[in-house]
Amino acid sequence: MEFRPTLSILLHAILLFRFVSESRARDIAKTSPEETLNPQLNIFFTPKDLKIGKIMPLFFALKDPSTSPHLLSREEANLIPFSSSNLTYLLNFFSFSKDSPQAKAMEDTFFHCEISAMNGESKFCATSLESMLDFVQEILGFHTKLDVYTTEFLKKSPVTLQNYTILQKPKEILEPKLVACHTLPYPYAVFYCHMQKGENKLFKISLLGENGDRIEAAAICHMDTKEWNHDHVAFRVLKVLPGSSPVCHFFPVDNLVWVPSL
């Protein structure tokens, strides 16, 4: 059975690559010093910042779920190869030229999906909801009931970068294990899902923007960073060294964090 890209998938592919750089703030790849100036990197903080009244400049991208790439069914996803070894075929399949921004974005996505996991990390790139849930249940337990946390806009202006104030004491979600799933740029929805051994703390944080924006944000603090790539952009943004400080970050609105149900 041959799967052909629908007009819907091709339109989603075009829309997706308007936001190619958004996922790169989380990259574990080497980045240039100039990238620390990218406003989209205003997502990192440390546990010391988790207090009522703290003001931080933060970036939250505006995304319309109706125009976001959708997850394929497992049946559809299994009909399309997902590998860098098939990149030439896939570029033709989705009608992208080899020198296009879309081609570079797909290449970057394959890099993140195919690079070896860090020590203590379990990782998987999900191309369907079924495959995502399979991985999550493999980590958290096949008979475990699940909760999922996301960042939610209660009120959002067109301004993506602004000062936000923490309104209430951040609520820690007391779960020892979690799986975070981050979107990657691709013609259809692909999630980089991973679990990092060690102490990680998940929070829900109420934020008020200087433009009146209200956000219920999901955020995580990685308490042990000594195994991280020394070139991880978070260390330059926070001006810390691997293992010297926990690293925290907010999740974009289209990311998912899975935990066992309380």
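**A friendly note on the disulfides and the sheet**

1. Let us begin with one cysteine: Cys-181 has 0% relative accessibility, so this residue counts as buried. Please keep in mind while reading that the model is predicted.

2. Which residue is the partner of Cys-181 in a disulfide? The partner is Cys-193, and the two sulfur atoms are 2.2 Å apart. Cys-181 belongs to strand E8 and Cys-193 to strand E9, so the link ties together parts of the chain that are twelve residues apart in sequence. The torsion about the S-S bond is about 115°, which means that this disulfide is right-handed. Cys-193 also counts as buried, because its relative accessibility is 0%.

3. Both of those strands can be found in an open sheet of five strands, where the order is E3-E9-E8-E13-E4 and the pairing is antiparallel. Strand E3 (121–126) and strand E4 (146–149) are at the edges with a single partner strand each, so one side of each has no neighbour in the sheet. From one strand to the next, the twist averages 20°. As background, strands of a sheet pair through backbone hydrogen bonds, in a parallel or an antiparallel way.

4. It is worth following the edge strand E3 a little further. Six bridges join E3 to strand E9 (residues 190–196) in the antiparallel sense. If you would like a place to look, find Ser-122, which stands opposite Met-195 in E9.

5. Now for the helix on this sheet. Helix H4 (residues 101–114) lies across E3, strand E8 (179–184) and E9, and runs at about 145° to E3.

6. Helix H4 and strand E3 are also joined by a disulfide, between Cys-113 and Cys-125, with sulfur atoms 2.0 Å apart. Cys-113 is in helix H4 and Cys-125 in strand E3, so to speak distant parts of the chain, twelve residues apart. Is this link left-handed or right-handed? With -95° about the S-S bond, the link of Cys-113 and Cys-125 is left-handed. Both cysteines are buried.

7. Another disulfide joins Cys-221 to Cys-248, with an S to S distance of 2.0 Å. The pair links distant parts of the chain, 27 residues apart: Cys-221 in strand E11 (residues 214–222) and Cys-248 in strand E12 (residues 247–250). The link is right-handed, with 105° about the S-S bond. Cys-221 is buried at a relative accessible area of 1%, and Cys-248 counts as buried at 0% relative accessibility.

8. To round off the disulfides, a search of the whole structure finds three. With the bonded cysteines numbered in sequence order, they pair as 1-2, 3-4, 5-6.

How values were computed: Residues numbered from 1 in each chain as written. Predicted model: local features only at pLDDT ≥ 70, side-chain atom pairs only at ≥ 80, totals over all residues. Heavy atoms only, no water. Pairing = 2+ DSSP bridges. Helix = DSSP H or I, 4+ residues; strand = E, 2+ residues; numbered from the N terminus. Axes fitted to C-alpha atoms, helices over the stretch in contact; angles between N-to-C directions. Contact = heavy atoms within 4.5 Å. Disulfide = S-S within 2.5 Å. Buried < 20%, exposed > 50% of the residue type's maximum accessible area, 1.4 Å probe, protein only.
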